[in-house]
Each structure stands twice: as C-alpha cells, then as structure tokens.
Amino acid sequence: MSNVVIDIAAEFTGKKAFKQADSAAKKLTKTIGDVAKGFGVAFGARALAQYSKQAVLAFAADDKAARVLSRTLNNLGLAFADPAVKTFISDLEKQYGVLDDFLRPAYQKLVTTTGNWRKSQELLKTALDLSAQSGVDVVSVADDIARAFAGNTKGLQKYGLGLSKAQLSAMSFEEVLARITKISNGQAALAAETYTGKLDKLNVAAANASETIGGALIDAFATFAGNGSIDKATAKIDFFSKLLATIISPKLMAEALSQVDFKFGIIPTMKTPLTNRSKSPAGTYARNQAEIKAAAAAKKQQADLLASNKKTLKSQQDALKLAKAKAIFDLQKIQIEAALKGKISEEDRIRLKLMQAIESENIDQIDKYTKMLDDAQKNTEKLVSTLQNIKPLDNIFKNWNIMSVKEQLDTLEGYFKSFAGSAASAFASLGAAQKAALGGYVPFVGATNASLGITSNGGATTSTPSTVGLGTSGTGNQLPVGVTINTNIEGSIIAENDLNEAINKALAASGWAGTAIGYSRQAVITAV
Amino acid sequence: MPVEVKGVIALRKALNAYAPDLAKELTDEITKSLKVIQKDARGFIPSMAPNNLYNWNDQAKGRQITAKTSMFRTFNTEGRLRMFPLYNAAEIKRGIVYRTGYGKPNARGFRSLFRVRNKSAAGAIYETAGRTHPNGDPRSKSNNPNAGARFVQQGPLYGRKKAGAGGDMRGRAIFRAWEQDEGKQLVHIMQAIENTRVKFNKRATVSSSRESA
C-alpha cells in the first residue's frame, strides 16, 4: 500500500511509550531476579542437573520437529517460506499459549494437504479456534480439517457444528470452513485471555526457555567434549550444570532480553517480522518466482483433488443408476408391486409401500411411510385399547317377572271356565219373557246341547240350532265359531246365452206348429 | 516535515472529556482547512493519464498495460501477482483523503495529528513518479531506452526536498496543493487550536465561573 501522506502536525509521545517499555523491562528484570534468587535457594546442583537434562531433551525434540517441518516445506517447494512459517508459529505460540510441539505437526498436516503455506496459516488459526471451542487438541483438529479439505468430512461430526452427516458430505470445503469460522471465531483469543490461557502462556515461555537453554547446553557440551560428540557431552552434564548455576545472573538475563521486543506483555519476540523480500532485487525475484511456482503447484494439487472427488462422485452416481436399473428385474420389488394391487388394508398398504421405498433406497419415501406406518400402528393400538375397555351389555329382561306360556294358558282357561259357568247359570236364571226378549239368543260359551236346542248327537235327524236373529252384515247375533251354513240349489243352471238360444228355439217351434205365441212371462217359462 | 506541537493530544482528550462542544468546534475548524487542501489536490488530477500515456488509462483501447505487459511486477500482501495499477482519475480523487484523529506513534515516537493522504496506488504513482530518477532508472533494460523517462515525466514536481527520511515533500497533487497554499491552512489550524485552548482554559478557571454566575 502506498503511503503518500502529508503530516501537517505531529506530537512527540514517544517518551511515554519508552517509559512504559523501560518500566516493563525493569519489572521483568526484577521478576527474573526474584526467580534467580529462588532458583539459587531452592535448587541444588542435583536439581539443576536434572533440569539441564530435561532442557537438553526438550531442545532436541523441538529441533527435530522444526527440522521435519523444514524438510516438508522443502519437499513441497516451499523452502522460501520456512523463515516466515517459523516466525508465524513462534508468534502464534506466544499469542495463544499453545506449544509449538502441537503447532508444528498441526501445520505440517495442513500444508501437506493444501500445498499452500499461506492458506495453511489461516487454517491453523481456524483449527486453534475450533480446538479452544471444542476442547479437542489442535493436532487432531488440524488433521480433521485437512481431511475435510481432501473431501472427507467424517471427522468434523464430533465438533457439533449443527450439520448432519449428509449435509457435511454435500457441502464444499469453503462452506464447511465458513461454518466452522462462524461457530468458533475468536475462541482461541478468548481462551488465551483467561487465567488458564495466561498460565499456558507462562508454560510456553518456560518451555521455550528450557529449549533455548537446552540448545545452548548442547553446543557448550559439544565444544567442551572436544570432538563434538553429544554422547560424551551428556555424560558431563552434571559438571556443566554446576557451571551454569554460577553464570545465570539477573544482569546477564536483562542484557540478553534487551535485544527483544515485548509484543505480548512479558513474553519476548523478535523485533522485526520476516517478509518475502530479499536484500537484493534478484533474490526477491527468485523468492517471488518460487512462491508463484508453489502457488501454482498448490492450485494444481487442489484441482487434482477436486477432479478426483468428482470422479468418485460420478462413479457412485453410476453405481446408483446401475442398482436402479437392476431393480427393474428385482423379484422382491415385483412381489411388492403385485401385493399392492390386491385387496389389502390401509396399514398393509403402507407396509408394502415402505418395503418398496427401502428396496429402491428412496430416503424421502422411507421417512414418509415410516411415519405413516407409525401413525397407523398407534391408531390400531388405540382402537384395541378402546375395545378392551368396552364392557358387555346387561340382560335387560333379567328383572322382568315373565310367566311361562303354560301358566298363562292355565290362567286363561280357568277364566273362561268360570265365565262359561257364570254365563250359563246367568242365562238359566232368566225368565221366559226375558229369554224371549233376547230374540232366541243362547250363549255358546258354557252352553249345553239342550240349551242350544240340540236334541240329538249326529245322524240325519240332528237338528241345527235356530238361526233366527243372526245378522249378515256384522249386526245382530253372529254365527258362533265353527258353524258353517251351506245352501243347496236344485235344478240346472244355464248360462245367459244358452237361455236366449232356448227361448228363440221355443218361439220358432211354436210358430211352426201354428200355436199362438203369447209373450206372457208364463208362456215363455212354459216353453223353456 | 510536519510541524511539531506539544499538548494537542492532551488538549483534545480534555476537550472530549469536559467540553465536547469545543472538541467538535475544533474538529470542524481543522476539517475546513484540510478540505481546502483536499479540494485543491483533487483539482490537480488530470482527467486522463498525463503526458499522453494513453495505454495507462484504465479504459484504454488496444495495448493496455497489464500484469503481463508491465515491467513493474508487484505482489500483494497475499503473495499473488498484482496487476499494475491503471490510471483512473475518479479513483485517484476518491483516494485523496484527510484525517483528523491522532494515529499510533511512529518508530521515532511521533504521533500524527492531522494529515492529508493520497492513498490510491495510481494516485501515488502520479504523485511521486520521478522523485528518485527524474530521467528514468539507468538500470532499466527496456528495449525502449526512453520509456522510463517518458513515464516518470508526467509533469513537474512541486515542493521541497530535505535530507533524511520523510524529507522529500515533492509531488503533483497533495504536495503541490500544500506547497501552493503557502502555510495559510497551517496557520488557520494552529489558530483554531490556540483559540480553543484559550476558551477551554477560560471555562476551567474559577474566576470565569464567578463571572458567568
């Protein structure tokens, strides 16, 4: 960015800033002095020897990790970025209180996958945020992010990003990264500001101090051992640790720290950040060329990865198509289809549809019919429960006093017998005038043959009861039940036409005979 | 080189805390002066690329300068190849801005109080081209030996140059406006600060409180 500016007025405020720096340096010197005093009192030569051994080991491990990362960068054609990466990791370590023992492998995983050292730096920051948010160590998080970059998002499920497995698979890496950033942005910085984070920063400072001292010890041992052998030098570590105890002093420490900046509070950092510029234009050009080349290689790697993913996706889609084509001849499906065409209950129909969806691997349909089946089963259960709770109806006639038919008939018979007796006795008690007034009525009920005028039982002489007083149109006395009246008509019965013809013949015969033909009614009848 | 003043930051802090109306008044006065410089500087920006450098225009037809055709290859902060900034008068004018807030101290402990900037890339080129090599870079390996001189000679550079970092105050837009103003706006700004200081002190003294009561 250009910086063409006219400063119209300026005020010198450096004094205060310098005073603050002086104050910080003095405080640090005092702290170190106190530590050194405590160090001298608390630790004996034996403890110092132990510390020295640990420091040497820490330095060795750190040196190995740094070399591995440098080699990786070199192999990826990113050797020019090695100093910048070292500075980045160093700054990150101090800023967030995360040891470089974790940051280096994490960064290595990312840069190996992406091939882009700047993008890997951004991803490492994202990994730190996600690590702080989820509590998973940064190396694992970086590994998962690197895998996601390569298209395998399975590892990201455990971070609770609010995305399903299917969604994660469907999303691009940039979309997943945006989601991670949205959820975890600023978590690492926040964690670094907590007391735990500050303690971590102190741990980082202590670990770095151990590594630095360890490195110095190794160099010193190698020199003092004569032939540079570390094995021999470590044997003399006890001796040198005693020597170290005598040379550590607050004054020397303060002098050493005066060369560094206090960018992160009391934690020293290098004063000037490294850039991609060289002192000579040719060097800058060479570095830029190398960077362009590396960027192109990273782009190609990403394009290859994308192409590979597309190819895999296509093959999966092809396999699905093939499976669908095979399904046309699938016997199971045919049977289901046939069953669906028959007369089935609604629940059975849903079951068959569900089976059909499962066979064709149609997730939407499976969800739909599973829900429907569930509902149908619930309804059935409800119905069964309702039916079980219904009690049978009581016998509504159980409290009725019903007489048997025989008893009723007996009662009725008794009634009629009593009535018959009373009716007969009542008729018998009537005088002759009263009986005449009844018009010859004789009660059948309870009547005897004598009372009815029957003088003989059977035979041709049996007289019939008098029919005097019997009505024919529903009035007057009625024929008793069982009595039939027969009417006998004697003579021939002739039809009207036959009668007319007979008359005509008689008239014609009279005419032929010369007999006077009278048209009296008597004459006609005689002729016939 | 900027004018060195003392106590302005403290005054403005005090104004913000105890007399916001005076703080606003002071900012308005300073803004008036800075706008004069800004307006003049914008007036010095040609509508098309200067010195008939027509291929430098962003709307140029034919052989426009691109990242490939330019000999000045640059890289942005992300390490990608950056296109050579093309000349666009509107964009350059937009890039001429002023600021009244005090910034962070620089390496020597100075904090800028008021400033005018030419912040667009093409504007910076137009502003400063030819400062270092007025006749083109002698190390240029261009097929056209006069190309460098042709490009940097976009017009005379106004202003003065002094030894030391930040001593070159020559340019074609903001520096020209500042030079031609001959310090009038600076005097106005300083007077405004002094007037505000007096007003503030007057308010702060006990006697003035009694008078007003």
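## How chain B meets chain A

Let's start inside chain A: of its contacts with a separation of 6 or more, 55% are between residues 24 or more positions apart. Keep in mind that this is a predicted model.

Chain A has 528 residues, and 25% of them are buried. Its secondary structure adds up to 21 helices and 3 strands. As for its surface, chain A exposes about 35400 Å², with 59% of that coming from carbon and sulfur atoms.

Now for the place where the two chains touch. How many residues does each chain bring to the contact? Chain B puts in 39 residues, and they are in contact with 19 residues of chain A. People often describe how big an interface is by the accessible area that is lost when the parts come together. Here, chain A and chain B bury about 2500 Å² between them, and 60% of it is on carbon and sulfur atoms.

What sort of links cross over? There are 10 residue pairs in polar contact across the interface, with both residues at pLDDT 80 or more. The count of salt bridges between chain B and chain A, on the other hand, is 0.

Several pieces of chain B help build its side of the interface. At least two residues each come from strand 1 (3-5), helix 1 (8-18), strand 5 (110-118), helix 4 (121-128), helix 6 (174-181) and helix 7 (184-204) of chain B. Strand 5 of chain B gives the largest share, with 9 residues. Sorted by class, the side of chain B that touches chain A has 22 nonpolar, 8 polar and 9 charged residues.

Let's zoom in on one residue of strand 5 of chain B, namely B:Ser112. Is B:Ser112 buried or exposed? It counts as buried because its relative accessible area is 12%, which is under the 20% cut-off. Which residues does B:Ser112 touch, leaving aside its neighbours within four places in sequence? From chain A, they are A:Asp7, A:Ala9 and A:Ala10. From chain B, they are B:Gly101, B:Tyr102 and B:Gly103.

The side chain of B:Ser112 also makes polar contacts, one with a side chain of chain A and one with a side chain of chain B:

| Side chain | Partner side chain | Polar contact distance |
|---|---|---|
| B:Ser112 | A:Asp7 | 2.8 Å |
| B:Ser112 | B:Arg115 | 3.3 Å |

So much for the tour: B:Ser112 is in strand 5 of chain B, the strand that supplies the largest share of chain B's side of the interface, and its side chain makes a polar contact with A:Asp7.

Definitions and conventions: Residues are numbered from 1 along each chain as its sequence is written. Chains are lettered from A and ligands numbered from 1 in the order in which they are written. This is a predicted model: local features need pLDDT of at least 70, side-chain atom pairs count only at pLDDT 80 or more; totals for chains, interfaces and linings use all residues. Side-chain values use heavy atoms; hydrogens and water are left out. Helices (H or I, at least four residues) and strands (E, at least two) are DSSP runs, numbered from the N terminus. Buried means under 20% relative accessible area, exposed over 50%, partly exposed in between (1.4 Å probe, protein chains only). Contact means heavy atoms within 4.5 Å. Accessible areas come from the Shrake-Rupley method with a 1.4 Å probe; for residues, only the protein chains shown count as cover. Buried area is the accessible area (1.4 Å probe) that two parts lose on being put together, summed over both. A salt bridge is a side-chain nitrogen of Lys or Arg within 4 Å of a carboxyl oxygen of Asp or Glu. A polar contact is a pair of N or O atoms within 3.5 Å; within protein, one must be able to donate a hydrogen and the other to accept it, and residues adjacent in sequence count only if both atoms are side-chain atoms. Ala, Val, Leu, Ile, Met, Phe, Trp, Tyr, Cys and Pro count as nonpolar, Asp, Glu, Lys and Arg as charged, and the others, Gly among them, as polar.
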